[in-house]
Amino acid sequence: MTELPPLPFQARRDIILFRLAGGSMVLPAAPVQFMGGDSEYRYRPDSELLYATGWAAPSCVAVLRGFADEDRFVLFVPERDAKAELWTGPRADPEEVKERFGADAAHPLRELAEKGPGLLAGGDTIHYRLGASAGCDGVVREALRRGRLRRARKGAGAHVLADPGAVLDEMRVRKDDAEIARMREAARITVDAFRDALPEVRPGVGEWEVEAALESGFRRRGAGGPAFATIVAAGANACTLHYSANGSRIGPDDLVLIDAGAEFGWYAADVTRTVPARGRLDGARREAHDTVRRARRAALAACRPGGTVEEVHGAACRAIAEGLVGMGVVEGPAGEVLAEKRHQAFYPHQTSHWLGLDTHDSGLYRDGDGPVRLEPGMVLTVEPGLYFAPGSCPRVPELEGTGIRIEDDVLITDEGAEVMTEGLPAGWGTEG
Ligand SMILES: [Mn+2]
């Protein structure tokens with residue numbers, strides 16, 4: 001497997017603590033999720049805790065204290081427990097945890113209720129997502145109560161609750177080199193797994209078989225698994241944007257939409273291709289596929305430093321509107337279609353989302369100054385599409401029951417953009 005640079009947790013924490021200034025942050029681990037009864041899903045760490053500390057196991061609370069001179073990074077972790085470790089694996093004791101994660105202090109989790117409020121009461125703003133954990137909710141409420149009293153007497157004490165995203169989102173939206181290395185690997189694995197799976201797309205094959213080929217391709221190449229529920233949607237199934245039952249057989253004339261991505265080192269890829277079951281396509285559906293590919297090219301050309309996600313979307317929408325007019329689906333001119341938003345009946349979603357630890361990664365698209373400007377290190381998807389649900393397109397009924405989307409993962413660079421998923425043709429066969 002590829003050698004990867006270490007993730008810079010210490011450097012990230014230095015920035016977080018600096019930005020917290022007079023405040024603090026509480027990050028609890030994500031809860032274990034169960035399927036039905038008491039079988040556990042494979043554990044997925046909380047992205048914010050993971051980003052700030054590297055902790056990827058259940059049952060942990062990290063406390064960051066920007067206002068303090070000591071104990072600025074404190075971890076509360078589960079104690080050694082021979083019985084529990086038999087079932088879920090070995091644990092480190094707090095001393096080892098402190099060493100390994102570079103914490104100033106590490107305590108057993110059972111001491112959180114007692115020690116937590118005192119650690120937090122001194123700052124002004126506590127960054128914590130209320131409701132994230134019942135235990136932490138109680139600690140933060142008690143810290144605010146003590147902080148109010150302290151503020152009344154001493155003029156300083158915790159009295160504001162804020163979202164951790166206020167500090168972390170802006171950091172997470174710009175990927176460092178170690179993150180980019182993982183995202184390139186997730187993209188490479190995804191592209192190669194698509195190459196395994198695309199030949200499986202034939203009339204009569206089950207959508208589930210294509211899913212199996214894709215996900216097998218992810219795991220064989222060392223990915224943690226799919227980053228989100230794989231979509232293999234034949235024919236009209238592709239008009240349901242988040243279809244993931246993958247339970248139909250591919251029909252002889254179907255276009256098949258495949259939206260999947262590997263997760264590697266906790267970072268996601270997110271790729272879509274739409275290919276004909278019979279390996280060729282003509283008529284209106286061919287024009288529709290060409291339109292989406294033109295929208296893809298136009299949107300990719302708009303991915304550059306200084307640009308915005310809105311400009312990328314605008315470029316895609318213009319090509320989509322022109323295509324819809326050209327196919328006779330809507331009455332032109334294209335400018336009017338755009339102004340009246342008539343293209344949205346067939347292209348209802350945005351062209352891009354941020355990509356990272358989460359498939360729909362954190363980060364604003366607009367802030368107080370308007371649309372967020374693209375910068376080197378930002379990673380976004382470009383995913384134009386066209387969807388003609390049954391009954392939606394009386395002017396060109398041949399298109400009904402067809403959904404087309406083409407999605408790539410794009411890293412903004414100093415020069416422009418790197419399409420990390422470029423290795424996978426946007427069409428099929430000779431249709432690059
Ligand atoms: Mn996507």
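Select F388 first: in this predicted model, F388 stands opposite T402 in strand β19. Now show both strands, β18 (residues 385-388) and β19. They pair in the antiparallel sense, over four bridges.

Stay on β19, residues 402-405, and turn on the side chains. T402 and I404 point one way from the strand, while G403 and R405 point the other way. Which of these residues are buried? All of them, on both faces.

Next, select V410 and V419. V410 stands opposite V419, which belongs to β21. V410's strand, β20 (residues 408-412), runs antiparallel to β21, and three bridges join the two. Add β17 to the selection to see an open sheet of three strands, ordered β17-β20-β21, with antiparallel pairing. Which strands stand at the edges? They are β17 (379-382) and β21 (417-419); each has a single partner strand, so one side of each is left without a neighbour in the sheet. Looking across this sheet, neighbouring strands are turned by 30° against each other on average, direction ignored.

Now move to the interior. In soluble globular proteins, nonpolar side chains tend to be buried together. Here the largest nonpolar core has 125 residues. To find it, select V26, A62, L75, A186 and V256, the residues with the most contacts inside this core. Then select helix α11, residues 309-326, which gives the most to this core, with nine residues. Colouring by domain is useful here: the core draws at least three residues from each of domain 1 (9-170) and domain 2 (173-419).

Finish at A186. Leaving aside neighbours within four places in sequence, A186 is in contact with A223, A262, E263, F264, Y267, A268 and A269.

How values were computed. Residues numbered from 1 in each chain as written. Predicted model: local features only at pLDDT ≥ 70, side-chain atom pairs only at ≥ 80, totals over all residues. Core = buried A, V, L, I, M, F, W, Y, C linked by C-beta atoms within 7 Å. Buried ≥ 20, exposed ≤ 12 C-beta atoms within 10 Å, placed from the backbone. Domains from an automatic or database assignment. Contact = placed C-beta atoms within 7 Å. Pairing = 2+ DSSP bridges. Axes fitted to C-alpha atoms, helices over the stretch in contact; angles between N-to-C directions.
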